[in-house]
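Take a look at the model below. This report walks through some of its charged pairs, then its sheet, then one residue of that sheet.

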Amino acid sequence: MDITRIFKNNQQWVQKKLSVEPNYFTDLSKGQTPDILYIGCSDSRVSAEELMGVSPGEVFVLRNIANMVPNTDLGVMAVINYAVLQLKVKHIVVCGHYYCGGVQAAMKSADMGILNPWLRNIRDVYRMHKDELNGIEDEELRYKRLVELNVEEQCINVLKTAEVQKAQQDRDLTVHGWVFDVHSGELIDLQIDFKKLLEHIKEIYRLD
């Protein structure tokens, strides 16, 4: 990629927007009122706005390797705090994707250097679901299932936060777990039953 072409692309994009809506950037500069906080993977093949078909200003986006929500990551916690308390989003989406390099790396025993602490979070997901995953003989299917289970566990991490718990009590805030299939382009709602998942552990994480 010719990096200088990016600025030409930007100018073309600006002119295209203004030709359709002359006040587009003036209106955009007035602030944001997104309904959705999207937590996804940093993978260059997965563009949050494009795969959802939404415009700038409609989604607040956080991306990192393998769409993780570690409670020790102040960056992640700050985004959730701001999205819930200040932007007052109505939906929080954790979106993983099949053929995720981060999840694939976590399934191997190789030393990944500085990535080890991050990948350990995914390996913890594998440990929690070891029996189910080891029962899947096909390696690709096991890999895809870990992607889904990782989304599930990260959604639970979202639900553990004080901001989300309070917002669910005070207003209509919903958490969703999705997977993007890079091979087909399909966006899949995992339709996770959080009530059932949290039934036996909610007293541990509930914050009054």
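The side chains of Arg-145 and Glu-132 form a salt bridge, with N and O 2.6 Å apart. This pair links distant parts of the chain. Arg-145 sits in helix 8, residues 139-160. Glu-132 sits in helix 7, residues 130-134. The two are 13 residues apart. Keep in mind that this is a predicted model.

How exposed are these two partners? Arg-145 is partly exposed, with a relative accessible area of 26%. Glu-132 is also partly exposed, at 36%.

**Salt bridges**

The structure holds seven salt bridges. Three of them are listed here.

| Pair | Closest N to O distance |
|---|---|
| Arg-145 and Glu-132 | 2.6 Å |
| Lys-166 and Asp-170 | 2.7 Å |
| Asp-27 and Lys-30 | 3.4 Å |

Start with the pair at 3.4 Å, Asp-27 and Lys-30. Asp-27 is partly exposed, at 36% relative accessibility. Lys-30 has a relative accessible area of 68%, so it counts as exposed, the cut-off being over 50%.

Now turn to Lys-166 and Asp-170, whose closest N and O atoms are 2.7 Å apart. Both residues lie in helix 9, residues 162-170. They are four residues apart, about one turn of the helix. Asp-170 is exposed, at 53% relative accessibility.

Some salt bridges share partners. In this way Glu-132, Arg-145 and Glu-148 are joined into one network.

**The sheet**

Strands of a sheet pair through backbone hydrogen bonds, and they may run parallel or antiparallel. In this model, five strands make an open sheet with mixed pairing. Their order is 2-1-3-4-5. Which strands are at the edges? They are strand 2 (59-64) and strand 5 (187-189), and each pairs on one side only. From one strand to the next, the twist averages 25°.

Strand 3 and strand 4 (residues 174-180) run parallel, joined by seven bridges. His-91 has Thr-174 as its bridge partner in strand 4. Helix 8 packs on the sheet and touches strand 1 (36-41), strand 3 and strand 4. The direction of helix 8 makes about 160° with that of strand 4.

**A residue in strand 3**

His-97 belongs to strand 3, residues 91-97. Is His-97 buried or exposed? Its relative accessible area is 1%, so His-97 is buried, the cut-off being under 20%.

What does His-97 touch, leaving aside its neighbours within four places in sequence? Its contacts include Cys-41, Asp-43, Arg-45 and Val-46. Among the others are Asn-67, Val-147, Val-179, Phe-180 and Val-182.

Technical notes
Residues are numbered from 1 along each chain as its sequence is written. This is a predicted model: local features need pLDDT of at least 70, side-chain atom pairs count only at pLDDT 80 or more; totals for chains, interfaces and linings use all residues. Side-chain values use heavy atoms; hydrogens and water are left out. Buried means under 20% relative accessible area, exposed over 50%, partly exposed in between (1.4 Å probe, protein chains only). Contact means heavy atoms within 4.5 Å. A salt bridge is a side-chain nitrogen of Lys or Arg within 4 Å of a carboxyl oxygen of Asp or Glu. Two strands pair if DSSP finds at least two bridges between them. Axes are lines fitted to C-alpha atoms, for helices over the stretch in contact, and angles run from 0 to 180 degrees between N-to-C directions.
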